[in-house]
Amino acid sequence: MATATATEGTETNDDGARPWQSYHTVYTTAKAGMDGVDKEKVQRTVYEMSKGSKYFQNEERKDAFITQKIDKIRTQCDKLTQADLSHFQKVADRRILELEALRDLSRIWLHVDMDAFYAAVETLSNPTLKGKPMAVGSMSMISTANYEARKFGVRAAMPGFIARKLCPELIFVPTDFKKYTHYSDLTRTVFRRYDPNFMAASLDEAYLDITEVCKRRNIKSEEIAEELRTSVYEETGLTCSAGVAPNRLLAKVCSDINKPNGQYVLPNDRMAVMTFISSLPIRKIGGIGKVTEHILKAVFGINTCEQMLEKASYLCALFSQSTADFFFSVGLGLGKTDSPEVRFRKSISNERTFSATEDEVLLYKKLAELAEMLSTDMQKEGLCGRTLTLKLKTSSFEVRTRAMTLRKYISSREDILKHASELLKAELPLSVRLIETDVSIGSCQRSRDPVDGNHSSDVNCQSGTGWSSEEIQTSGNNASCSNYGQVKEAVESTFPIQGQFEDTSTLNLSNLLEDERLNSCEDKTMLWLNDYKCSLCGIELPPSFVEDRLEHSDFHLAEKLQKEESRIHQRTSVSGQSWDQKNRITRESISKKQKLSQKEGSYRPIDYFFLLKSNKNRPS
DNA sequence: GCGGATCAC
DNA sequence: TATGGTGATCCGC
């Protein structure tokens, strides 16, 4: 609400001017280790340090925009008649019942969150930092602050120069991701023992499905959490906090409750969940950020999760179905409970901030550097994409994005630079402080999950732990190309090249994928002999049968995967105890992969492809 | 498909 | 002096 205009309006008020109160930062929202902080003082300092800056002005502009949005929603709200409301109440009630019916209390999820991770790691490698206020980051931006620094109001995402004002003795330590990755790996070794399929959310957070381990060892989740945290400490020297709950959304909320170095268990009981959720501020829920909280509070007076249900008719009337579903789920304390589904990345990008400049030569030079790096990253992962997006942040902090979807998939430095330069050229002259290049990998329609929707903070799944259901089968001749690296990685992780799974067939599989990549991405002919005949089965498909050839490759891939699975399964079924775990995803992926050979639910036999030659315009 | 925006870490 | 980088998703066109 309090926008720039409101700020100026109150500055000269009789009842004392406190303009800083209306500057909406995220720095004072309740965070672990922030109890007892003089929030007013922090808020005032942040305001004083920011006031008048380009950044601040942009924040004001954004704030004004949100106010407009709120006004618009209010207007719509006022227009609702009693009849409308009773209608939407019915719709909402039914939807809430449907969602309630999906409640799953059969799984036990644990969310682990390392305490002040980067800062804790830095303190391990330099113990003289212990007990002193310290932040990882720079004068421009802080990544993490230790608990001593948090007492001063210093926290992540705060610029360092403001942090130093709040805490003059603050020690700054530059980020060192190699170090954090190393320690992250150590923690993951522990996580794996409790759930080999755990979902890494970031370097310092993970979700574990501990249902099985509780059952197998016949102990309570609470004990598992204690034990896991002890192990993490013993093996890394780092403390963490844990939350246990029937779903991931709640587990995440729970891990924050007794932070640092604590845990909280929410039992798998509907009443317990409803009680827990009833007074919980919506801002605690992953996916509800500063803006959403602001809007829901300003328009509907919603503060707690429970109120999401009380205002259900309004939410139903004024938001999209998927958004309303998400809000209702929050009110019901529902969240995802399914086993981790590994997803392929959808985009790859890089961006750099520099001191703002209008110098076009310089800007093109920056762009060239980004294109170079992006291309390298893409090739490292074997990715191609056909939608290129250029993002610019102007010296006034306004953000512009310009995108183009190309006919061909690209990954080379030259291609990226050529097209990105066209996009940049159209924007010049312009004073720019940040450039980002982004290539999106594929486009496919996702079905929405009614429970978490796409709203909740979802997990960046670990790469290479299985198959995704999507993307591989996306349209076009290059879909498989664009995912080649991820496919390969997934296969190699599912069928590791070393160790007990070593087998020449694995290499063949890699070759097949390689074939597919070359064939579809570069339009070369590894799989297609003389650019005409399939090297594996001899079927003849001319190059112009682009889609058919892709499907054909996919057919062989699926077939191959199936063979691999049965062979490896045979060999490991005797001794491989962890196989079931590994296989869980593999089986899914293969069945999904098989869908590549299906269209509209009907399976197509290999013979089908022989008919294609003479019937290009087949019924689809 | 595009562009603006939100969100998380 | 000075407010990040990467990835995902949603809404309204």
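This is a short walk through the DNA-facing surface, a few salt bridges and one buried arginine in the structure above.

Okay, thanks everyone. One thing up front: this is a predicted model, so please keep that in mind as we go.

Let's start with the DNA. How many residues surround DNA strand B? There are 24 of them, and the closest are Ser202, Lys252, Thr292, Ala403 and Thr405. Keep Lys252 in your head, since that residue comes back in a minute.

Now, which part of the strand faces the protein, the bases or the sugar and phosphate? Taking the atoms of DNA strand B within 4 Å of the protein, 100% belong to sugar or phosphate.

Here are some individual contacts. Ala403 has a polar backbone atom 2.5 Å from a phosphate oxygen of DNA strand B. Gly289 also offers a polar backbone atom, and there the distance to a phosphate oxygen of the strand is 3.1 Å. With Asp204 we're talking about a side chain: one of its polar atoms sits 3.3 Å from a sugar or linking oxygen of strand B.

Where does this surface come from? The elements giving two or more residues are helices α3 (54-79) and α13 (290-300), plus strands β10 (385-394) and β11 (399-410). Strand β11 gives the most, with 6 residues. As for the chemistry, the residues near DNA strand B split into 7 nonpolar, 10 polar and 7 charged.

On to salt bridges. Side chains of opposite charge can pair when their charged atoms come close. Searching the whole structure turns up 31 salt bridges, and I'll pick out a few.

Back to Lys252, as promised. Its partner is Glu205, with the closest N and O atoms 3.3 Å apart. Lys252 is in helix α11 and Glu205 in strand β6, so this pair links parts of the chain that are 47 residues apart. How exposed are the two ends? Lys252 is partly exposed, at 25% relative accessible area, while Glu205 counts as buried at 16%.

Strand β6 (residues 205-209) also holds Asp209. Asp209 forms a salt bridge with Arg107, and the closest N and O atoms are 2.8 Å apart. Arg107 lies in the loop between α4 (82-101) and β1 (109-114), 102 residues away from Asp209 in the chain. Are these two buried or exposed? Asp209 has a relative accessibility of 5%, so it counts as buried. Arg107 counts as buried too, at 19%, and that is a close call because the cut-off for buried is under 20%.

The next one is Glu436 with Lys391, at 3.3 Å from N to O. Glu436 belongs to strand β12 (residues 432-440) and Lys391 to strand β10, so the salt bridge ties together parts 45 residues apart in sequence. Glu436 is buried, with a relative accessible area of 10%. And there's a network as well: Arg94, Arg95, Glu98 and Asp325 are joined by salt bridges that share partners.

Last stop, Arg248. This residue lies in helix α11, which covers residues 248-255. Arg248 is buried, with 7% relative accessible area. What is it in contact with, leaving aside neighbours within four places in sequence? The answer is Trp109, Met199, Tyr207, Lys336, Thr337 and Asp338.

So, to recap the DNA side: the strand B atoms within 4 Å of the protein are 100% sugar or phosphate, and β11 gives the most residues to that surface. Happy to take questions.

Definitions and conventions:
Residues are numbered from 1 along each chain as its sequence is written. Chains are lettered from A and ligands numbered from 1 in the order in which they are written. This is a predicted model: local features need pLDDT of at least 70, side-chain atom pairs count only at pLDDT 80 or more; totals for chains, interfaces and linings use all residues. Side-chain values use heavy atoms; hydrogens and water are left out. Buried means under 20% relative accessible area, exposed over 50%, partly exposed in between (1.4 Å probe, protein chains only). Contact means heavy atoms within 4.5 Å. A residue is near a molecule or strand if one of its heavy atoms lies within 4 Å of it. A polar contact is a pair of N or O atoms within 3.5 Å; within protein, one must be able to donate a hydrogen and the other to accept it, and residues adjacent in sequence count only if both atoms are side-chain atoms. Ala, Val, Leu, Ile, Met, Phe, Trp, Tyr, Cys and Pro count as nonpolar, Asp, Glu, Lys and Arg as charged, and the others, Gly among them, as polar. A salt bridge is a side-chain nitrogen of Lys or Arg within 4 Å of a carboxyl oxygen of Asp or Glu.
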